[in-house]
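Q: Could you take me on a close look at one part of this model, the nonpolar surface patch and the strands around it? I would also like to hear how the salt bridges and a few other spots fit into the picture.

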Amino acid sequence: ISKMKKMMMMAVALLGAGFPVHAQTSAKDSLKVINLQEVQVVSTRATAKTPVAFTNIGKAELKKVNFGQDIPYLLSMTPSTLTTSDAGSGIGYTTLRVRGTDGTRINITVNGIPMNDAESHNLFWVNMPDFSSSVKDMQVQRGAGTSTNGAGAFGASVNMQTEGASMKPYAEFNGSYGSFNTHKETVKVGTGLLNNHWTFDARLSNIGTDGYIDRASVNLNSYYLQGGYFAENTSVKLIAFAGKEKTYHAWGYATKAEMKEHGRRYNPCGEYTGDDNEKHYYADQTDNYLQKNYQLLFNHTFSTAWNLNVALHYTKGDGYYEEYKEDRSFVEYGLKPFTTDGKEISESDLVRQKKMDNKFGGGVFSLNYTNHRLTASLGGGINQYRGNNFGKVTWVKNYIGALSPAHEYYRNQSKKTDGNIYLKASYDLTGGPSAYADLQYRHIDYTIDGANDKYDWNKSALRPLAVDKKFDFFNPKVGLNWNINSNHRVYASFSVAQKEPTRNNYTDGDPDSYPKAEKLLDYEAGYTFANHWLTAGANFYYMDYTDQLVLTGALNDIGEALTENVPDSYRMGIELMLGIKPCKWFQWDINATWSKNRIKNFVENIPIYDGWNLLDVVSVSHKSTRIAFSPDFLLNNRFAFTYQGFEAALQSQFVGKQYMTNAEVEALTLDKYFVSNLNLAYTFKPRKVVKEVTMGVTVYNLFNEEYENNGWASSSYDKDVNHRIDSAGYAAQAGTNVMAHVSFRF
C-alpha cells in the first residue's frame, strides 16, 4: 500500500504542474471541445428510437455506490439483474447475470471495443479493479440488443464509455474503509485543457479486503491513463489501463454440512491434511493475474451529417493460479513413481500452477450518418486472440528422483480470429413511427492445439486438443418504434443472435462430441411513459433458443461452471419499471421481473463412477424443467432522500428461489433472499482549496439476511446400492457489514 501511495503522490505532482495553463483557454474553445468529445464509438448504443429494452447509468449514479465493490454490484439495481460474489462481500471474483444468463452470454464493450475474453467469453471483473472510477456512463441492453463487437449477446450487453476530457484542472481523492479490513484508495488528476488542444488524465487505485469467507483475501492495484488531442472536427485519444490482482481461492463453496460444523465462513479451498493428521491451509492457494489494455480512439466529423469513429486496441494478459493437491497420481503429471523401503510410491501431495499468457488486438469502426429522418451506421471490426495455456508442478511431497524446477506437464495453444460487419438504420416514417433494421454478419475461425490439462484414465494419457472450428453467423434485427408524443413510447422488435461455444465447452467436454453453436430468436415489445415527475415502463420478451448452452450446476476440477447443449428451451417474461419524483427531496425507483425459464423435454445424464473412472451413465427423462440459476421473480427497490447536501438511500433486492441443476431437484436449490443496503452521505463545499467534500457510510445487508447467491451442485449414482447421491456447495454472503467513505475534490 505504501508503494501505491508514493505512486499516487508522484502522479499528483507531475500532472499538477500543468494546472495553471488552463487560464489561457477561452469559454468558446471549451464548448467546441466538449461537443466534439461526445463523438465516440457509440454506434453500438441504443437511443430513444431504438426498439430494445435498455437502461442508462450515468456518472453521478455510479459515484453514489462506488466504494470498492466490483461493477456487477454497481449494476445490481438494473432490471432482471443479479450478482454473485465468491468472497461474500462483492469484491474479487464476482459475476453478473441478466435474465438468468451468466457472464459468458453478456457482451461487454469499452468505447465499442470488446472486453470479453475471446475464449471463455467471460469478463473477469477482478482484472479491471476500480474501472468504474474512470467510466463516464454505462448502457445495459437486455436481450439480443443492437449489433455489437465481440461475443454475441444472449442475455444482455453492457456498453461502457470512459470519461470525457475535463476542460478544467482537477484532483480528487476517494477513500473507503470497512468490515473485513476492506479498503479502497483512489487518486485522480487531470490537467484540464492545455494550449486549446490537449488534455491528460490519470487514476491510481488500490483495493483490498480479507473477505467475508475465510482467507478470501483480495489485493487489487490498477491505473488509468488518458491523453487526448482535440481540434474543431477531430479528436484523438490514447488510453492505457491495467489491473493487477492477487486473490485467494474461494470458489470451492462449502456444503451445508461443512457450514454447520465449521461455520458459514468456512472455505474448503487450500485445505490439506498434514503429517500430524491435522487440517492445514496452503498459504499460496491464490490467483495471480496482470492485464494491460491499450486503446487508440480517432473521431472525425466531416459535416453535420457524417462522422467517423475508429478504434485500435491491444490487450496483454499474463498470470497463473496455484493449488495444493492431495494424493495426486504421478502419471497425471508426467512424473515417474519412485521406490522407498521397497515400496513403489505412485502418488503424493503436490503443488501445481496453471498458467496462461495471451494477446488480443484489433480494430473497430463505425461510419455514421444523420439527417432529419434517417440515422444510419456502417460498422464492424476484426480482432485476433492468441493464447498459451500450460501447467507446471513446482513441488512434490517427499519426492525421490529428478524433478526439474517447475516441471511442465501440459501445454496447448489457441488462436481465434473474429470479424464482423453490420449496417443499422432508423428511419422516421410518416405520422410518427420509425422503422429500425440492423444486419450483422460475423465470422469466427478458432483453433486449439496441444495437450489438455485433463487426464484420460481409459487411454492412460492427457486428452488431446485438436479443435479447428469455423462459424459464419448472419444476425438480422428489425423493429418499430413510435414516440407517440413527448410522454408515450411503444416499440416492438425481432432479433436473431448466434453464438459459438466457449473454450471450456471444448476442454471440459467429450472430445468425440464437441458442443454445438447456439441460436436465439428474441421477440421484444414494450411501452414507456415519462413526464417531469413520473417514469414507467413495461417490456415483454420471449427468447426462443436452439441448442442453448445452459449451466448444469456442476463444476470442473478448478471450480468453473460446466454447461451442456439442450435442443429446445426458452426464456419469457415481463419487466416492469417505475420511477416517482413527487418533490425535490424524494425519489422512488422500483423494477420487477416475472419470468418463465424452461427446457423442453430435458434428459438428465447421471454418471456412475468407480473412483476416477466413469463406468456408465443413467439417463432420466424429464418433461419441462426450470433452467438452472434462473429465478422466476426479481425485485429491485430504491428510496432516495436528499436535503441540503444530505442524502439517504435505501436499496433492496429480492431474488426468488433458484434451482442449481436443470433437473429441479429440491435438495439442490438456492433459497430466495431479500437484501437491503443503506447509504448515508453528506456533501459540502468549503470554497477554498477543496472544492467539494463528501463523507458517508454504507450499511450492507442492513437486516442481516442469511443467504447464498451462488453454488455448485451435482448428482451421481452409487453403483453398489443403485442410490442417487446429490451434493451441493453454497457461496455464503456476508451479514450486516459497514463501509465508511470520504471524497475530496480539488
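A: Happy to. A good place to start is L423, which lies in strand 21. Please keep in mind that this is a predicted model. L423 has a relative accessibility of 46%, so it counts as partly exposed. That value is over the 30% relative accessible area that a patch residue needs, and L423 is indeed one of the residues of a nonpolar surface patch of about 540 Å². The other contributors to this patch are L378, I421, L439, Y441 and F474.

Which strands each supply at least two residues of the patch? They are strand 21, covering 407-428, and strand 22, covering 433-456.

L378 brings in another strand. This leucine sits in strand 20, where it stands opposite L367. Strand 20 spans residues 374-396 and pairs with strand 19, residues 347-370, in the antiparallel sense. The pairing of strands 19 and 20 runs over 21 bridges, and the two strands form a hairpin with three residues between them. Strand 20 also pairs with strand 21: the two run antiparallel and are joined by 20 bridges. In that pairing, F390 stands opposite R411 of strand 21. Strand 20 is thus joined to strand 19 and to strand 21.

The two strands that supply at least two patch residues each also share a salt bridge. The side chains of R442 and D418 meet with an N to O distance of 2.7 Å. R442 belongs to strand 22 and D418 to strand 21, and the two are 24 residues apart along the chain. Are these two charged residues buried or exposed? Both R442 and D418 are buried. L423, in strand 21, is partly exposed because its relative accessibility is 46%.

Let us widen the view to the other charged pairs. A search of the whole structure finds 38 salt bridges. One of them joins the side chains of E524 and R99, at 2.7 Å from N to O. This pair links distant parts of the chain, with the two positions 425 residues apart in sequence numbering: E524 is in strand 25 (residues 518-530), and R99 is in the loop between strand 3 (94-98) and strand 4. Both E524 and R99 are buried.

Another pair is D568 with K600, whose closest N and O atoms are 3.9 Å apart. D568 lies in strand 27 (residues 561-583), and K600 lies in the loop between strand 28 (586-599) and strand 29 (603-610), 32 residues away. D568 has a relative accessible area of 29%, so it is partly exposed. K600 is partly exposed too, because its relative accessible area is 34%. Some salt bridges share partners, and in this way R99, R142, E524 and E575 are joined into one network.

The loop that holds R99 leads on to strand 4, and strand 4 takes us to a sheet. Which order do the strands of this open sheet have? The sheet has five strands in the order 1-6-7-4-5, with mixed pairing. Its edge strands are strand 1 (53-58) and strand 5 (113-114), each of which pairs on one side only. Strand 4, residues 106-110, pairs with strand 5 in the antiparallel sense over two bridges. Within that pairing, T109 has P114 of strand 5 as its bridge partner.

Next, a word on the cysteines. How many disulfides does a search of the whole structure find? The search finds zero. C269 is buried because its relative accessible area is 9%, whereas C583 has a relative accessibility of 25% and therefore counts as partly exposed.

A last stop is S624, in the loop between strand 30 (613-621) and strand 31 (625-626). S624 has a relative accessible area of 42%, so this serine is partly exposed. Leaving aside its neighbours within four places in sequence, what is S624 in contact with? Its contacts are R598, I599, N601 and E664. For a sense of distance, the C-alpha atoms of S624 and A461 are separated by 39 Å, with the two residues 163 apart along the chain.

To return to where we began, the patch of about 540 Å² includes L423, with strand 21 and strand 22 each supplying at least two of its residues, and the buried pair R442 and D418 linking those two strands.

Note on methods:
Residues are numbered from 1 along each chain as its sequence is written. This is a predicted model: local features need pLDDT of at least 70, side-chain atom pairs count only at pLDDT 80 or more; totals for chains, interfaces and linings use all residues. Side-chain values use heavy atoms; hydrogens and water are left out. Patches are made of residues with over 30% relative accessible area and no salt bridge: like charges are joined within 9 Å, nonpolar side chains (Val, Leu, Ile, Met, Phe, Trp, Tyr) within 5 Å. Accessible areas come from the Shrake-Rupley method with a 1.4 Å probe; for residues, only the protein chains shown count as cover. A salt bridge is a side-chain nitrogen of Lys or Arg within 4 Å of a carboxyl oxygen of Asp or Glu. Helices (H or I, at least four residues) and strands (E, at least two) are DSSP runs, numbered from the N terminus. Buried means under 20% relative accessible area, exposed over 50%, partly exposed in between (1.4 Å probe, protein chains only). Two strands pair if DSSP finds at least two bridges between them. A disulfide is a pair of cysteine sulfur atoms within 2.5 Å. Contact means heavy atoms within 4.5 Å.
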